[in-house]
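Visitor: I'm new to this one. Could you pick a single part and walk me through it closely?

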Amino acid sequence: MKRSIIGLFLDENLAADALDDLRKAGYEMDEYEVLTGLPYPEGTFGEDEPKHKLYRWPLFGAVCGFIMGFMITAGTQVAYPLVTGGKPVLGVPPMAIIMYEGTMLGAIIFTIIGVVFESRLPRIFMGAYDTRITEGYIGVTVTTSEDKIEEAEKILKNIGAEDIKRGWE
Amino acid sequence: MQEHIQLNQKEINDISLSPILETPKWWLPAVLITFGFIVTGLAAFFYMVYHGLGVTGLNRPVFWGFFIVNFVFWIGISHAGIMISAILRLTQAEWRRPITRAAEVLTVFSLMAALHTPLFHVGRPWRTYWVFPYDFSRGVWPNVRSPFVWDPSAVGTYLIASTLFVIICLLPDLAIIRDRTTGLRSKIYGILCLGWRGTPRQWKMQTIVGILLSALVLPVFVSVHSIVSWDFAVIAGVEGWHSTIFAPYFIIGAIHSGVSAVATFMVVMMWVWKGNDKILRPDHLDAIGRLLIIVATTWFLFLFLEVAFALFTLERPEIALRELQFFKWPFSGLFILFLLTSYFIPVPMWMFKNVRRSLPLMFISTILVNVGMWLERFLIIVPSLSRKTPFAFDWGSYTPSIVEILIVTETFAFVIFGLLLFSKFFPLIPLFDIKEGMVFRDEIKIGRRTVPASIRE
C-alpha cells in the first residue's frame with residue numbers, strides 16, 4: 001500500500017522550494033502534488049502543466065445532441081405525418097430550433113461530465129489532507145511507497161513546513 | 001474599481017459562510033411567510049383544477065392573461081444571471097466576482113417559477129407530458145412545428161444548463177464548508193463536493209469550465225427569449241404580436257428586468273447578511289447601475305422602434321390597437337405607469353453617482369424597473385387580445401380573478417423561498433472567486449498616487 005504525507009506552508013515560495021527539492025531527490029511527477037484553496041496561476045509552484053482533453057467533450061456532446069434533436073424532430077414527424085396546406089412533412093425551420101437546443105444541451109451536459117472526469121472526481125479517499133488548506137495554507141502532498149515516505153517528510157521539514165501530517169491511499 | 005477591503009482567506013470564509021453556520025434570526029420567519037404564500041397559491045391552483053379555468057378571468061377573446069404575463073416576466077428575470085455571469089466572466093471584469101453566484105441562482109429559481117405558470121395556464125397540467133415524444137405504443141407524437149413544443153425544449157435546456165453551471169462552480173465552495181463543519185454535515189458536504197482537494201488539475205478545470213460554460217450558455221440564453229417571443233410573433237392574426245423585432249426586443253427587455261433584479265438582490269444581500277458589505281461594496285452597485293443605464297436605453301430604443309414600425313404602415317387595425325394601448329383607460333394609465341417605472345424614473349436616477357451607490361435608492365429604482373417590465377408584458381399580451389381580430393369575433397376585456405392573483409403571488413414567494421433555502425445550505429458569494437480576486441490584487445504607485453491593480457495572466 002502507498003503512504004501519503006502532507007506538509008503545510010503559508011508561503012508560496014517555500015511550497016515551490018519543497019517541490020524543487022522533491023524533484024531533486026528523485027521523486028516522480030505523479031508522486032507529489034500541491035493543494036491550494038484558490039486557483040493560483042499555472043506554474044506558480046514549478047509544477048507541470050496538467051494535460052487534459054476537456055475541449056473534446058463539448059464537441060462530442062454537441063454531435064450527440066444534434067443527432068438526438070434530429071431523431072426527435074424528423075423521426076416524430078415521419079412517424080406521425082401532419083400534412084398541412086400542402087407543406088412538406090419535414091418543416092426545417094422548426095426542426096432547426098429543437099435541433100439547436102439539443103446540440104447546445106448535449107454540449108453542456110458533456111462539458112460537465114468532462115470536467116468531472118478530467119478533474120479526477122469523484123475521489124473517494126482523500127489521502128493526506130488538511131482542512132487548513134481552504135483557509136489559506138498550501139499543502140504539498142507526497143504519495144509514495146513506504147520506504148520513501150521518511151525521506152519526503154525530512155525534505156518537507158527542512159524546507160520549513162508549518163505542520164506535517166500522514167495519511168494513506 | 002477603486003475601493004476594496006482587503007481580507008484574508010479565513011476572513012472571507014467567516015463572512016461568506018456565516019449564514020450557513022449560524023442561522024440568522026429573521027431566516028425562519030421569512031421562510032415560513034414565503035411558504036405560507038406558496039401553500040395559499042397551491043390551494044388556489046387546486047381549486048382551479050377542481051372547478052376549471054372558469055374561475056380565472058380568462059374568457060373570449062382574452063385567453064392569455066396573468067399566467068402568461070408572469071411566465072414571460074420570470075423568463076426575463078432568469079436572463080440576468082447567466083448574462084451577468086457569462087458576459088462578465090468572458091470579459092474578465094473584476095467586479096463580477098461577488099455577484100456571479102447570486103445571479104446564477106436567481107436564474108435557476110426564476111426559471112423554475114417561469115415553468116410553473118404555463119403548467120397552471122394549460123388547465124389540465126397532468127397532461128403536460130404530451131409535449132414530450134413519449135407515445136411509442138400509439139404512434140402519436142407532438143407537433144414540432146408548434147411554438148409550444150419549442151418552448152419546453154428551450155426553457156428546459158436553459159434550466160438544465162444553468163443548474164449544472166451553478167453546481168459545477170459550487171464544488172470548491174462545498175469543500176470549504178466540508179472543512180468547516182463536523183460530523184454528518186461534513187460528510188454530506190464531502191459527498192456533494194465529490195472529494196474536492198484543490199489540486200492544480202482541479203483548479204485548471206474549474207477555471208476553464210467557467211469560461212467554456214459561459215460561452216455555451218450565452219447562445220442558449222439568446223435562443224430562450226427569442227423562442228418565447230415567437231410564441232407571440234408567429235401568430236399572424238393578432239396585431240401587436242406579429243413583429244419581426246420581437247426576438248431582440250424581448251431579449252433586451254429580459255436583460256433590463258433581469259439585471260435590475262440582480263441589483264435588487266445585491267442590495268438585499270448587503271442589508272440582511274451581516275459582513276457581506278465587506279465583500280459586496282457600493283462600487284459594485286455603482287458598476288451595475290452604469291450597466292443598467294446602457295441596457296435600459298437600448299431597451300427603450302427597441303420599444304420606440306417596435307411602436308414606430310407598427311405605426312409606419314398606417315394600417316387601421318394596428319393604429320386601433322395602439323390607440324387602445326396608449327389612450328383608452330385602464331391601459332392608458334398602465335402605459336404611463338409602465339413608461340415611468342421602467343425608464344423615466346430609474347434611468348435619470350442612475351445618472352447620479354450618489355444614487356448608484358445608495359442602497360435604498362438602488363433598491364427602489366430597480367424594483368420600479370421590474371414593476372414596469374411586468375406591466376410591459378401585460379400591455380403586450382392583454383390589449384392585443386382584447387380587440388376583435390380576423391380570426392375572433394369578439395371584443396372583450398380582462399380582469400384577473402383572485403385565483404390568478406394568488407397563483408401569481410405564489411411564483412414570487414417561490415423564488416424568495418428558493419433563494420432563502422439556498423442561502424442556508426450553500427454560499428451565495430463564490431468564495432474561491434473572491435479569494436482569487438483578493439490574492440491577486442496589489443497596489444501600485446503611479447506618481448504620487450497609490451492605486452489598486454489586478455494581477456492577471
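Guide: Let's take chain A of this predicted model, which has 4 helices and 4 strands. Reading from the N terminus, you meet them in the order β-α-β-α-α-β-α-β. As you turn the chain around, look at its outline: the C-alpha trace spans about 85 × 30 × 25 Å along its principal axes. The radius of gyration tells a similar story, at 25 Å for chain A, where a compact globule of 169 residues would come in near 15 Å. Of those 169 residues, 41% count as buried. The chain also brings distant stretches of its sequence together: if you take the contacts with a separation of 6 or more, 83% of them are between residues 24 or more positions apart.

Now zoom in on strand 3 of chain A, residues 138-144. This strand is mostly covered, with 7 of its 7 residues buried. You can check that on both faces: Ile138(A), Val140(A), Val142(A) and Thr144(A) are buried on one side, and Gly139(A), Thr141(A) and Thr143(A) are buried on the other. Strand 3 has partners, too. Strand 1 of chain A, residues 3-9, runs antiparallel to it and is joined to it by 7 bridges; look for Ser4(A) standing opposite Thr143(A). Strand 2 of chain A, residues 32-35, is antiparallel to strand 3 as well, with 4 bridges between them, and here Tyr32(A) stands opposite Val142(A).

Next, follow chain A to where it meets chain B. Here 50 residues of chain A are in contact with 52 residues of chain B. On the chain B side, the elements that give two or more residues are helix 1 (9-21), helix 5 (147-180), helix 7 (200-233) and helix 16 (431-439). Helix 7 of chain B supplies the largest share, 18 residues. By type, that side of chain B divides into 29 nonpolar, 14 polar and 9 charged residues.

One residue to find while you're there is Ile108(A). In the largest nonpolar core, which has 147 residues, Ile108(A) is among those that touch the most other members, along with Ala102(B), Leu106(B), Val217(B), Val259(B), Val262(B) and Met266(B). Leaving out residues up to four places away in sequence, Ile108(A) touches Ala161(B), Leu164(B), Leu213(B), Leu216(B) and Val217(B). Apart from that core lies another one, of 24 residues, and it takes you back to the strand we looked at: Ile138(A) and Val142(A) are among its members, as are Phe9(A) and Tyr137(A).

Conventions:
Residues are numbered from 1 along each chain as its sequence is written. Chains are lettered from A and ligands numbered from 1 in the order in which they are written. This is a predicted model: local features need pLDDT of at least 70, side-chain atom pairs count only at pLDDT 80 or more; totals for chains, interfaces and linings use all residues. A nonpolar core is a set of buried Ala, Val, Leu, Ile, Met, Phe, Trp, Tyr and Cys residues joined through C-beta atoms within 7 Å. A residue is buried if 20 or more other C-beta atoms lie within 10 Å of its own, exposed if 12 or fewer, and partly exposed in between; C-beta atoms are placed from the backbone. Two residues are in contact if their C-beta atoms, placed from the backbone, lie within 7 Å. Two strands pair if DSSP finds at least two bridges between them. The radius of gyration is taken over C-alpha atoms; the globule rule is 2.2 Å times the number of residues to the power 0.38. Ala, Val, Leu, Ile, Met, Phe, Trp, Tyr, Cys and Pro count as nonpolar, Asp, Glu, Lys and Arg as charged, and the others, Gly among them, as polar.
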